[in-house]
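The following exercises, each with a worked solution, introduce the structure shown below. Please keep the sequence and the model in view while working through them.

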Amino acid sequence: VATPGGRVSYRGETEISGVPGKHAAVPLLFANIAGSMCGSLLPTGNSVDVIDGVEATLIDNGMPCVILRASDFGISGEESREELEASADLKARIEAIRLQAGPLMNLGDVAEASVPKMVLVSEPGKGGALSTRSFIPHRVHASIGVFAAITVATATRLKAGPAAALALQPDGGVYLIEHPTGSMEVFLDLDGEGNVKGAGSIRTARKLFEGRVFPAG
């Protein structure tokens, strides 16, 4: 948070989808997050694994995620949260894949776990790099988590993966990951060969409360 003159300033023009108002920007950059829970970026060693006949990228760059094409489930990927949650068949297929992906990702039995996150991807339609619909794991996320967005952006760099063919690669390493209520900005720090060295995002800070504390008598 900026502290001009030694005092915190919450003034800023940065907006985050789903958060009201404009506030002070807080840039975040993360390093060494590959394999945060799974032990490696690609725990199976593959850019693509096939589970129940569906191509998937099992990846962990800060958040274990299973990246799947929305079209492989007979949907566009632009459906609303309500439409997706109303489809019992869709949720059952996704959960069946999640339960199989857990052990493959070194997460063990994930029946009662919140990971891996299941992310359906499709071509961007709002000027971003990729469109997403995230299951966490059974409800559809109103947006997308920071580390899930970083992991999805990383998946677009895997040429054989489901995300790569659908994504629009931006100039400068700044990816707008579209979600149901807007988009999230993700920055990928790439080396000369295009490998991801670090990743980050922009969040905001605003004053929530203030008060005075008096010492005990």
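**Exercise 1. Classify glutamate 78 as buried, partly exposed or exposed, and describe its salt bridge.**

Step 1. Glutamate 78 has a relative accessibility of 34% and therefore counts as partly exposed. Here buried means under 20% relative accessible area, exposed means over 50%, and partly exposed lies in between (1.4 Å probe, protein chains only).

Step 2. The partner of glutamate 78 is arginine 133, with 3.8 Å from N to O between the side chains. A salt bridge requires a side-chain nitrogen of Lys or Arg within 4 Å of a carboxyl oxygen of Asp or Glu.

Step 3. Glutamate 78 belongs to the loop between β4 (64-69) and α1 (81-85), while arginine 133 belongs to strand β6 (residues 130-135), so the pair ties together parts that are 55 residues apart in sequence. Helices (H or I, at least four residues) and strands (E, at least two) are DSSP runs, numbered from the N terminus.

Step 4. Arginine 133 is buried, its relative accessible area being 4%.

The model is predicted, so local features need pLDDT of at least 70 and side-chain atom pairs count only at pLDDT 80 or more, whereas totals for chains, interfaces and linings use all residues. Residues are numbered from 1 along each chain as its sequence is written, and side-chain values use heavy atoms, with hydrogens and water left out.

**Exercise 2. State how many salt bridges the structure holds, and examine further examples.**

Step 1. The total is eight salt bridges.

Step 2. In one of them, glutamate 95 pairs with arginine 98, the closest N and O atoms lying 2.8 Å apart. Both residues are in helix α2 (residues 88-104), three residues apart, and are therefore separated by about one helical turn.

Step 3. Glutamate 95 is buried at 17% relative accessible area, and arginine 98 is buried at 0%.

Step 4. Another salt bridge joins the side chains of arginine 69 and aspartate 72 (3.3 Å, N to O). Aspartate 72 is partly exposed, with a relative accessible area of 30%. A network of salt bridges links Glu55, Arg69 and Asp72.

**Exercise 3. Identify which residues precede a cis peptide bond to proline 116 and to proline 137.**

Step 1. Valine 115 is joined to proline 116 by a cis peptide bond with omega of about 0°. Proline 116 is situated in the loop between α2 and β5 (117-122).

Step 2. Isoleucine 136 is joined to proline 137 by a cis peptide bond with omega of about -10°. The loop between β6 and α3 (146-155) contains proline 137.

**Exercise 4. Determine the phi values of aspartate 52 and asparagine 106, and locate both residues.**

Step 1. Most residues other than glycine have a negative phi, and most peptide bonds are trans.

Step 2. Aspartate 52, although not a glycine, has a positive phi of about 55°. Its place is the loop between β2 (49-51) and β3 (54-60).

Step 3. Asparagine 106, also not a glycine, has a positive phi of about 65°. The loop between α2 and β5 holds asparagine 106, which is exposed at 52% relative accessible area.

**Exercise 5. Which residues make a nonpolar surface patch of about 260 Å²?**

Step 1. The patch is made by Val1, Val8 and Tyr10. Patches consist of residues with over 30% relative accessible area and no salt bridge; like charges are joined within 9 Å, and nonpolar side chains (Val, Leu, Ile, Met, Phe, Trp, Tyr) within 5 Å. Accessible areas come from the Shrake-Rupley method with a 1.4 Å probe, and for residues only the protein chains shown count as cover.

Step 2. Valine 1 lies in the segment before β1 (24-31) and is exposed, with a relative accessible area of 54%.
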